[in-house]
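Dear colleague,

I am passing on the structure below, together with some notes on what turned up in it. Please look it over first, and then read on.

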Amino acid sequence: MASIFSLTALLLYLGASVTLVRGLLSGVRDTRARRFDLLLAYMAVIAHGLSLAPALLLEQAPNFALGNTVSLIAFLVMMLFLVARLFQPVHALGVMIFPSAFIGVAIAWLTPGPEYAIHLDGAAGLMHMTGAGLAYALLSLALAQAVLLHFYDRRLKNRQTSGIWNSLPPIQTMEQILFQLVYVGFALLSLTLISGALSSGQMFGQAFLFNHHTVLAVLAWVSLVALILGRHFLGWRGQIAILWTGAGFVLLGLGYFGTRFVLEVILRA
């Protein structure tokens, strides 16, 4: 049954991607086309969630194998994107978010990996896992926004604003949205680190466990602190914002997925 939902999600994400790109390339603010790609995206998210349910909700313990984890992060990114789209002009981010969700579903379907359960006893453990997933999802959105903002800025400087660029909001608005995502992601990552310290004894059998996950998460937190301080005191933007946002994204990714990738893909344990 999960494979049917996975296939459905893949087709819907593909349809949403094609519809959105065609609408943006036309440079016309067609609300009907925008509503159609949004409808496809909502349907894709429902199918995506149903494809994850057997492994994460219907078993005795959630299976956080690499494929399921990647798909879950893609699902959270999509959920946050659709919520953000209700309040902010971020629809153009779909050109990166929809294909990323497509890849996430495909990875979970084609390479699910061996079962990997994490014990989530207590509110602190649940808060840690939820905060970690949402923090990485928000940082993914921030990175996508930073990349789009960078290329938009270059197009404006070269006076090339036709097609997709004509459909984007003012660059000041896009920059404001970027740092809103960074601020919320930073707050969630801070909460994740605190709850992780409190729940590590329950999840890993050792209180205040200091391993590569912790080190990489702290380094990601430091990179976001540097970006926020640089933004306020040095006026950082553009390429620098992309680099620091990307640093946090990569560090968290290595911490969340690095071990599972080595074990499941390289060593096939």
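To begin with the charged contacts, the count of salt bridges in this predicted model comes to two. In one of them Arg85 is paired with Asp37, and their closest N and O atoms are 3.1 Å apart. Because Arg85 belongs to helix α3 while Asp37 belongs to helix α2 (residues 31-56), this pair ties together parts that are 48 residues apart in sequence. Both partners, Arg85 and Asp37, are buried.

The side chains of Glu175 and Arg231 also meet in a salt bridge, with 2.9 Å from N to O. This pair links distant parts of the chain, since Glu175 sits in helix α6 (residues 171-204) and Arg231 in helix α7 (residues 212-233), 56 residues apart. Glu175 has a relative accessibility of 11% and therefore counts as buried, whereas Arg231, at 27%, counts as partly exposed. Arg231 has a further contact to look at, as this residue lies over the face of Phe179, at 4.3 Å from the ring centre.

For the overall layout, the protein chain has eight helices and zero strands, so that, read from the N terminus on, its elements run α-α-α-α-α-α-α-α. Of the 269 residues in the protein chain, 45% are buried.

Some care is needed over confidence, which is not even along the model: the protein chain averages a pLDDT of 79, and 74% of the residues score at least 70. Confidence is highest in α4, at 90, and lowest in α8, where the mean is 74.

Turning to the aromatic residues, how many aromatic pairs does the structure hold? There are four aromatic pairs, and two of them are described here. Phe81 and Phe98 form an edge-to-face pair, with 5.7 Å from centre to centre and 85° between the planes. Because Phe81 lies in helix α3 (residues 66-87) and Phe98 in helix α4, the pair ties together parts that are 17 residues apart in sequence. Phe81 is buried, with a relative accessible area of 0%, and Phe98 likewise counts as buried at 0% relative accessibility.

Tyr136 and Phe249, on the other hand, form a pair that is stacked, with 5.0 Å from centre to centre and 15° between the planes. This pair links distant parts of the chain, with Tyr136 in helix α5 (residues 122-157) and Phe249 in helix α8 (residues 238-266), 113 residues apart. Are its two members buried or partly exposed? Tyr136 is buried, with a relative accessible area of 6%, while Phe249 is partly exposed, with a relative accessible area of 23%. When looking at Phe249, please bear in mind that α8 is the helix where confidence is lowest.

Finally, on the surface, Leu7, Leu11, Trp109 and Leu110 make a nonpolar patch of about 420 Å². Helices α1 (2-26) and α4 (94-110) each supply at least two residues of this nonpolar patch. One of its members, Leu7, is found in helix α1 and counts as partly exposed, at 41% relative accessibility.

With kind regards

Note on methods:
Residues numbered from 1 in each chain as written. Predicted model: local features only at pLDDT ≥ 70, side-chain atom pairs only at ≥ 80, totals over all residues. Heavy atoms only, no water. Patch = residues over 30% accessible without salt bridge, like charges linked within 9 Å, V, L, I, M, F, W, Y side chains within 5 Å. Areas by Shrake-Rupley, 256 points an atom, 1.4 Å probe, with all protein chains shown as cover. Salt bridge = Lys/Arg side-chain N within 4 Å of Asp/Glu carboxyl O. Helix = DSSP H or I, 4+ residues; strand = E, 2+ residues; numbered from the N terminus. Buried < 20%, exposed > 50% of the residue type's maximum accessible area, 1.4 Å probe, protein only. Phe/Tyr/Trp six-rings, centres within 6.5 Å; stacked < 30°, edge-to-face > 60°. Lys NZ or Arg CZ within 6 Å of the ring centre and 35° of its normal. pLDDT = per-residue confidence, 0-100.
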